Amino acid sequence: MPIGPARMPLMDHLGELRMRLVRIVVCLLVAAVVFYMATPTMGNFLIMPIQQYLPSQLTALDPFEAFSVRFQLAVWAALVATSPVIIWQLLAFFLPALKPKERKWFVPTFAIAVALFIIGTVFCYCVILGAAFQWLTDQAMGIGVIEPRMSSYIDIIIKFEIAFGFAFELPLIIFYLVIFNIVPYKKLRGSWRTVYVALMILCAMVTPDASPVTMLLMFAAIIVLYELSLLAARVVLARRIKREALEEAEEG
C-alpha cells in the first residue's frame, strides 16, 4: 500500500479522506446488494440462539416492515463482511502521520482490530443472545404474552452484535494508550478500581437492552480483554526499556 507524505495541504488531506470514504461506501453498497438476496437465510441464522424463547414465528405488520427488515439485515451483514476494508481504510488515512518506527505496528493493529471485532460478534451470538433473551422474556411472565414482531427482534439482535463487536476493540485502544505513553501503565494499574467502575458504566451504556445479565457478561469479557491488553503492553514496555538500556550502555 503506497504511503502518502506526512505533510500535505488541507485540501489534499480532505481529498484523500473523501477517496477512502468513497471506497468504504462503494464496498458497503455492493456487499449490501449481494447479501439482500440471502436475507431469509441470514434472518433464520440470527434467531437460532433465541429460537426456544420465541413463542411463535416472527411477524411483520405490513410489507414495508418486511422490506425494511431485509434491508437492515443486508446492511448489517455488509458491515461485518467489509469490516476489514473499513478498518484498513481508516487506519491507512492516519498512517502517513506515524513515524517510520511506528508504522511497523500497522499490519498487526489491522489484523488484531478485525479479529477483535469478529470475536466480539461471535461471543455475542454464542453466549449473550440466549442469556439476554431468556431474561427478557421471563419479565413478561404473569403480566402478558409476547408477540414477536420481526422488526423489533432483528433490530435488537443487530444492535447486540454491533455493540459487542465495537466494545471488543477497547483493549486495542488501551494497549496503544499505554504504548504511546498517553496514559502511563502505572497509573492504569494503580487505579484499577476506578477503571473497573468506568468499564462497568460503559457496559451499562452500550448494552442495547440495559439488562443486568447482558451488562455483567459484557463486563466480564471486557475485564479479561483489558487485563490481557495491559499484560501485552507490559511485555512490550519491558522489552523497550531493556533495549534502550542496552543502547545507552553501548553509547556510554
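Of the 252 residues that make up the protein chain in this predicted model, 37% count as buried. The protein chain has 10 helices and zero strands, so that, read from the N terminus on, its elements run α-α-α-α-α-α-α-α-α-α. Taken along the principal axes, the C-alpha atoms fill a box of roughly 80 × 45 × 25 Å. Among the contacts in the protein chain with a separation of 6 or more, 83% are accounted for by residues 24 or more positions apart.

The interior may be taken next. The largest nonpolar core has 54 residues, and those with the most contacts inside it are I50, L129, F133, I157, F160, L199 and I222. Two or more residues are given to this core by each of helix 2 (39-46), helix 3 (63-81), helix 5, helix 6, helix 7, helix 8 (185-190), helix 9 (192-206) and helix 10 (212-251). Of these elements, helix 10 gives the most, with 11 residues. F133 offers a view of the surroundings of one core residue: when residues up to four places away in sequence are not counted, F133 touches I50, Y53, Y153, I156, I157 and F160.

From F133 the path leads to the packing of helix 5 against helix 6. Helix 5, residues 106-138, and helix 6, residues 150-167, pack at an angle of about 135°, and their axes lie 7 Å apart. With that angle, helix 5 is oblique to helix 6, and the crossing of the two helices is right-handed. On the side of helix 5 the contact is made by L116, F117, G120, T121, F123, C124, Y125, I128, L129, A132 and F133, while helix 6 contributes Y153, I156, I157, F160, E161, F164, G165 and F166. Sorted by class, this contact of helix 5 with helix 6 has 15 nonpolar, three polar and one charged residues.

Helix 5 also packs against helix 4, which spans residues 83-94; here the angle is about 145° and the axes are 10 Å apart. This crossing, in which helix 4 passes helix 5, is right-handed. The residues that make the contact are S83, P84, I87, W88, L91 and A92 of helix 4, together with F106, T109, F110, A113, V114 and F117 of helix 5. By class, the contact of helix 4 with helix 5 has 10 nonpolar and two polar residues, and no charged residues. F117 of helix 5 appears in this contact and also in the contact with helix 6.

Helix 6 has a further partner in helix 3. The axes of helix 3 and helix 6 come within 10 Å and cross at roughly 15°, and the two helices are therefore roughly parallel to each other. In this case the crossing, with helix 3 passing helix 6, is left-handed. E65, A66, V69, Q72, L73, W76 and L79 in helix 3 meet M150, S151, I154, D155, I158, E161 and I162 in helix 6. The residues of this contact divide into nine nonpolar, two polar and three charged. E161 of helix 6 takes part here and also in the contact with helix 5.

One residue of helix 3, L73, can be followed in more detail. L73 has a relative accessibility of 3% and therefore counts as buried, the cut-off for that class being under 20%. Leaving aside neighbours within four places in sequence, L73 is in contact with T39, M42, G43, L46, I154 and I158. The C-alpha atoms of L73 and V114, which are 41 residues apart along the chain, are separated by 20 Å.

A residue of helix 2, F45, has another environment to examine. At 46% relative accessibility, F45 counts as partly exposed. Between F45 and V107, 62 residues apart along the chain, the C-alpha atoms are separated by 32 Å.

Helix 7, residues 170-179, brings the account back to burial. Eight of the 10 residues of helix 7 are buried, so this helix is largely enclosed by the rest of the structure. The buried residues are L170, P171, L172, I174, F175, Y176, V178 and I179. Helix 7 is followed by N181, whose phi is positive, near 60°.

Note on methods:
Residues numbered from 1 in each chain as written. Predicted model: local features only at pLDDT ≥ 70, side-chain atom pairs only at ≥ 80, totals over all residues. Heavy atoms only, no water. Axes fitted to C-alpha atoms, helices over the stretch in contact; angles between N-to-C directions. Helix = DSSP H or I, 4+ residues; strand = E, 2+ residues; numbered from the N terminus. Parallel < 35°, antiparallel > 145°, perpendicular 65-115°, else oblique. Left-handed = near helix turned anticlockwise from the far one by under 90°. Contact = heavy atoms within 4.5 Å. Nonpolar A, V, L, I, M, F, W, Y, C, P; charged D, E, K, R; others polar. Buried < 20%, exposed > 50% of the residue type's maximum accessible area, 1.4 Å probe, protein only. Core = buried A, V, L, I, M, F, W, Y, C linked by side-chain atoms within 4.5 Å.
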